[in-house]
Amino acid sequence: MFSAIAFGIALLSNVNRSSDARAIWHELNLRRVASHLAPLRLEPRLCAVAELHARDMAARNYFDHSSPEGIGPFERLDRAGWRYRYAGENLALAVDVPGAEDELYGSPEHRANMLEPHYSRVGIAVIRTAAGDELFVELFSD
């Protein structure tokens, strides 16, 4: 897991990088199918929760699963009215989609989320930072 770190990012634009989010989703599902798992459905409500977290991290200059107030992914899902039995979250800060894929799949904890058989849905948000990196949030649920 990541600890809170200051990483000096700011939003380059107000637009979620939806084409990069779809590329991450496509690659995620290729890896799941190769592992004999069902592909994940891209869920707009989960995408919205993921994007809010990405924007909050960028606006308040932190990188963590929990906000400075201690609000984590499960509380964000609860506040959004999302019902779940299983849920998880991956974060990455990378130069581009291939870099994020390498970072996420190279981490045992992130890979476990990506290949969790209980998950059937995912929300993905990608935001470009002023430094030129991209901030990725994957939010998984059953």
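## A walk outward from strand β4

Start by selecting Ile124, which stands opposite Glu138 in β4. Strands and helices here are DSSP runs numbered from the N terminus (strands are E, at least two residues; helices are H or I, at least four). Before you go further, note that this is a predicted model, in which local features need pLDDT of at least 70 and side-chain atom pairs count only at pLDDT 80 or more, while totals for chains, interfaces and linings use all residues. Residues are numbered from 1 along each chain as its sequence is written, and side-chain values use heavy atoms, with hydrogens and water left out.

**Stop 1: the neighbours of β4**

Now show strand β3 (residues 121–128) beside β4: the two pair in the antiparallel sense over 8 bridges. Pairing requires that DSSP find at least two bridges between the strands. Follow the hairpin of β3 and β4 through the 5 residues between the strands, and pause at Gly132, which takes a positive phi near 100°. Then add strand β2 (residues 87–94), which runs antiparallel to β4 and is joined to it by 8 bridges. Click Glu89 there and you will find Leu139 of β4 opposite.

**Stop 2: along β4 itself**

Is β4 open or enclosed? It is largely enclosed by the rest of the structure, because 8 of its 8 residues are buried (under 20% relative accessible area with a 1.4 Å probe, protein chains only; over 50% would be exposed, and in between partly exposed). Colour the two faces separately: Glu134, Phe136, Glu138 and Phe140 point one way, whereas Leu135, Val137, Leu139 and Ser141 point the other way.

Zoom in on Glu134, in strand β4 (residues 134–141). Glu134 counts as buried because its relative accessibility is 0%. Its side chain makes a polar contact with the side chain of Arg128, at 3.1 Å. Such a contact is a pair of N or O atoms within 3.5 Å; within protein, one must be able to donate a hydrogen and the other to accept it, and residues adjacent in sequence count only if both atoms are side-chain atoms.

**Stop 3: the nonpolar cores**

Next, select Val122, Ile124, Phe136 and Phe140, which touch the most other members of the largest nonpolar core, a set of 18 residues. This core draws at least two residues from each of α1, β2, α4, β3 and β4. A second, separate core has 16 residues, including Val49, Met57, Tyr62 and Leu135. A core here is a set of buried Ala, Val, Leu, Ile, Met, Phe, Trp, Tyr and Cys residues joined through side-chain atoms within 4.5 Å.

**Stop 4: the cavity**

Return to Glu138, one of the residues that line the largest cavity. About 50 Å³ of space lies inside this cavity. On a 1 Å grid over the protein atoms alone, a cavity is a set of points where a 1.4 Å probe fits but cannot get out, a pocket is an open set with protein on both sides within 12 Å along at least five of seven lines, and lining residues have an atom within 4 Å of a point. Grid points are joined across faces, edges and corners, and a volume is the space filled by probe spheres set on the points. The largest share of the cavity lining, 4 residues, comes from α1.

**Stop 5: the pocket**

Finish at the largest pocket, with a volume of about 150 Å³. Its lining includes Val49, Tyr62 and Arg76, and α2 gives the most, with 4 residues.
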